[in-house]
Amino acid sequence: MLNLERWDRNIRWLGEAAQQKIFNTTLAIFGCGGLGAIFVQSAMHVGFNKFLLIDPDRVELSNFNRLLGVQESDVGKYKVEFLEQTVLSFNPQAFVKTFPTDLQNLLDTGDLLPTPEVWISGLDNNLSRLALQLFAAQQGKPLLDLGSGIILSTEGTLQEKGAQVRFYRPGGPCLLCQGLKVQGYSETLEQARRATGYIQNTDLSPPSVITLNAVIANIGLNLLINYLIKPEDQHPCYLYYDELNYRLLSIEIYSDPRCPICGQDGIEKTVLPKK
Ligand SMILES: [Zn+2]
């Protein structure tokens with residue numbers, strides 16, 4: 001049940017019905033590293049109460065620059081376990097289910113129950129993002145994808161520092177149409193990817209900072225809250241934060257009619273919408 005005293009300062013701007021909607025919404029977070037963890041931690045303060053956490057990795061000392069609240073005693077724990085403890089310490093009544101496994105194993109086993117309303121991607125590689133996008137399209141579920149990155153020249157000077165939110169709703173545009181780079185995909189979309197400023201090298205192990213992750217995770221969370229409260233409104237699908245120039249860009253993108261996911265003959269058209 002919603003605790004009105006705990007969420008009083010939220011309810012003053014959200015209203016009680018919206019706070020209840022947030023309280024009832026189940027989020028599945030794929031990738032509980034720097035981006036996914038800070039998203040969950042902000043989401044619990046907003047009043048989200050039901051989390052499915054998916055990540056096969058364990059906490060290492062190299063994660064300490066971007067995991068809020070991590071302690072040396074957490075080293076060696078699964079990241080989902082660390083995050084579960086964080087959420088339950090904050091709210092012992094929260095529902096948290098952990099999956100210390102990778103995305104493909106989870107999709108293969110079909111264990112992802114109860115079915116979440118929104119999928120969140122804090123994944124660090126594009127093939128996993130594509131697999132998740134395919135699954136979200138098949139399930140008729142929205143997918144919020146977070147990414148951040150820093151590009152250095154070979155001399156080590158900073159070339160680019162930024163982050164993006166990509167938001168897929170059934171009907172598109174999907175992540176492919178929003179520039180997700182997948183090897184072998186069309187040159188046209190590759191050009192679109194460059195034009196939208198998508199950050200390169202996210203499949204490698206780039207530098208990572210909590211300040212950048214916190215900005216983009218919370219921009220994504222704001223977008224999600226607005227969508228949940230008023231799904232019928234217009235919401236941006238692609239937001240790019242250019243930290244070197246302190247700019248937030250909302251980029252309009254349309255579905256490619258040839259897209260295998262959200263195009264005219266895409267897979268989302270071949271499955272019945274799920275409730
Ligand atoms: Zn598409």
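Phe90 is partly exposed in this predicted model, with a relative accessibility of 23%. Its ring takes part in a pair with Trp7, a residue that is buried at a relative accessible area of 5%. The structure holds 4 aromatic pairs. In the one formed by Trp7 and Phe90, the ring centres lie 6.3 Å apart and the planes meet at 50°, so the pair is tilted. This contact links distant parts of the chain, since Trp7 belongs to the segment before helix H1 (8–14) while Phe90 belongs to helix H4 (residues 79–90), and 83 residues separate the two. Phe90 has a charged partner as well: the charged end of Arg6 sits over its ring, 5.2 Å from the centre.

A similar arrangement can be found at Tyr78, whose ring has the charged end of Arg58 over it, at 4.0 Å from the ring centre. Turning back to the aromatic residues, one cluster is formed by Phe30, Trp119 and Phe135.

The nonpolar interior comes next. In soluble globular proteins, nonpolar side chains tend to be buried together. Here the largest nonpolar core has 46 residues, and the members that touch the most others are Leu27, Phe39, Phe48, Phe51, Leu53, Leu144 and Leu224. The element that gives the most to this core is helix H8 (residues 210–229), which supplies 10 residues. Phe51 offers a helpful view of the surroundings of one such member. With neighbours within four places in sequence left aside, Phe51 is in contact with Leu27, Ile29, Val40, Ala43, Met44, Val87, Phe95, Val96 and Lys97. Another core, of 27 residues, lies apart from the largest one, and its members include Phe30, Leu107, Leu123 and Leu132. Phe30 thus appears both in this core and in the aromatic cluster with Trp119 and Phe135.

Finally, there is the metal site. The zinc ion is coordinated through the SG atoms of Cys174, Cys177, Cys259 and Cys262, at 2.2 to 2.4 Å. The angles among the 4 donor atoms run from 99 to 122°, and the site is tetrahedral. Along the chain, the donors follow the spacing C-x2-C-x81-C-x2-C. For two of these ligands, the accessibility is also available: Cys259 is buried, with a relative accessible area of 2%, and Cys262 likewise counts as buried, at 4% relative accessibility.

Terms used: Residues numbered from 1 in each chain as written. Predicted model: local features only at pLDDT ≥ 70, side-chain atom pairs only at ≥ 80, totals over all residues. Heavy atoms only, no water. Phe/Tyr/Trp six-rings, centres within 6.5 Å; stacked < 30°, edge-to-face > 60°. Helix = DSSP H or I, 4+ residues; strand = E, 2+ residues; numbered from the N terminus. Buried < 20%, exposed > 50% of the residue type's maximum accessible area, 1.4 Å probe, protein only. Lys NZ or Arg CZ within 6 Å of the ring centre and 35° of its normal. Core = buried A, V, L, I, M, F, W, Y, C linked by side-chain atoms within 4.5 Å. Contact = heavy atoms within 4.5 Å. Donors = N, O, S within 2.8 Å, 3.2 Å for Na, K, Ca; no water. Tetrahedral: all angles 85-135°; square planar, octahedral: opposite > 155°, others 65-115°.
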